[in-house]
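Let's take a walk through this structure together. Keep the 3D view open, and turn it as you read.

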Amino acid sequence: RIDDVVNMTCFLASARAAHAAGYLAQFEQRATEAGAQLHYATGAEEAARLVCEIAARHGRRVAVKSKSMTGEEIDLTHALERAGLEAIETDLGEYIIQLAGEPPSHITAPALHKSRGEIGQLFTEKLGIEYSDDPEHLTKVARRVLREDFLRADVGVSGVNFAIAESGSICIVENEGNARLSTSLPRVHIAVMGFEKLLPDFESLS
């Protein structure tokens, strides 16, 4: 019967919510013990405002961002810019479309719609380099420019792939090295996370 299915769905959702609340309390305790500070937001606008306020409270003006779908969903880059910060996307694809002033066209490959010739022209216009459409050369140029941005950044902003309740740890998965630099070089690291990323323990992480 359809009402039985609905009732079962509601029961499962309630049970999941109860578990999540317990995981969140444990995560907050462990993370706070490790020196982190947790802030809670009920929506996109409040989340973006909190990030901007944290950056301002520390007198920070330059923020480097590693790729974050949550950050994209709350329009965090534009919020930081409106708050007077220079916000720099450091994922290569995100960096390309930021230079172009365009939104991402794909969830994991933001600049998928750009040809290498278009990217070469964009780098010539925005970075002042001699035109090239060689992907390896263009990547080296972006790496060189972004390394300087990492070194001068005051704040690093990242997403969170998973959070472990039993230890208060966060797990960030990457393939470019930009997340590692965004979270370790600046003196302030802000991690933006949805509750759905919570796991009870490291065994669950696998």
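Start in helix H1, which covers residues 2–33. Glu33 and Arg30 sit 3 residues apart there, so about one helical turn separates them. The two form a salt bridge, with their closest N and O atoms 3.8 Å apart. That falls inside the cut-off, which asks for a side-chain nitrogen of Lys or Arg within 4 Å of a carboxyl oxygen of Asp or Glu. Glu33 is exposed, with a relative accessible area of 55%, while Arg30 is partly exposed at 29%. As for the general idea, side chains of opposite charge can pair when their charged atoms come close.

Before going on, a word about what you're looking at: this is a predicted model. The chain has 206 residues, and 35% of them count as buried. It is built with 9 helices and 7 strands. If you follow the C-alpha trace along its principal axes, it spans about 65 × 45 × 35 Å.

Back to the salt bridges. How many does the structure hold? The count is 10, and helix H7, made of residues 135–152, is a good place to look at some of them. Lys140 and Glu136 are 4 residues apart in this helix, so once again about one helical turn lies between the partners. Their side chains meet in a salt bridge of 3.7 Å, taken from N to O. Glu136 counts as exposed, at 53% relative accessibility, and Lys140 counts as partly exposed, at 46%.

Stay in helix H7 and move along to Asp149 and Arg152, which are 3 residues apart and so separated by about one helical turn. They also form a salt bridge, and here the closest N and O atoms are 3.1 Å apart. Is Asp149 buried or exposed? Asp149 counts as buried because its relative accessibility is 8%, and buried means under 20%. Its partner Arg152 counts as partly exposed, at 38%.

Salt bridges can also be joined up. Glu46, Arg49 and Glu53 are linked in a network of them, so pick out those three residues together when you turn the model.

Now for charges that gather without such partners. Which residues make up a patch of negative charge on the surface? They are Glu72, Glu73, Asp75, Glu81 and Glu196. Residues in a patch have no salt bridge and over 30% relative accessible area. Glu196 fits that well enough, because it counts as exposed at 59% relative accessibility. You'll find Glu196 in the loop between strand S6 (188–191) and strand S7 (198–199).

Asp75, another member of the patch, deserves a stop of its own. It is found in the loop between helix H3 (69–73) and helix H4 (76–82). Look at its backbone: Asp75 has a positive phi of about 55 degrees although it is not a glycine. With a relative accessible area of 34%, Asp75 is partly exposed, and it passes the patch cut-off of over 30% too.

Next, compare places along the sequence with places in space. Arg180 lies in helix H8, residues 178–184, and is exposed, with a relative accessible area of 53%. Where does Ser66 sit relative to Arg180? The two are 114 residues apart in sequence, and their C-alpha atoms are 8.6 Å apart in space.

Then try Leu185, in the loop between H8 and S6. Leu185 is partly exposed, with a relative accessible area of 41%. From Leu185 to Leu205 there are 20 residues in sequence and 26 Å in space, C-alpha to C-alpha.

Finally, have a look at the cysteines. Cys52 is buried, with a relative accessible area of 10%, whereas Cys171 is partly exposed at 21%. How many disulfides are there? The count comes to 0, where a disulfide would need a pair of cysteine sulfur atoms within 2.5 Å.

Methods: Residues numbered from 1 in each chain as written. Predicted model: local features only at pLDDT ≥ 70, side-chain atom pairs only at ≥ 80, totals over all residues. Heavy atoms only, no water. Buried < 20%, exposed > 50% of the residue type's maximum accessible area, 1.4 Å probe, protein only. Patch = residues over 30% accessible without salt bridge, like charges linked within 9 Å, V, L, I, M, F, W, Y side chains within 5 Å. Areas by Shrake-Rupley, 256 points an atom, 1.4 Å probe, with all protein chains shown as cover. Lys, Arg positive; Asp, Glu negative; His and termini not counted. Charge placed at Lys NZ, Arg CZ, Asp CG, Glu CD. Helix = DSSP H or I, 4+ residues; strand = E, 2+ residues; numbered from the N terminus.
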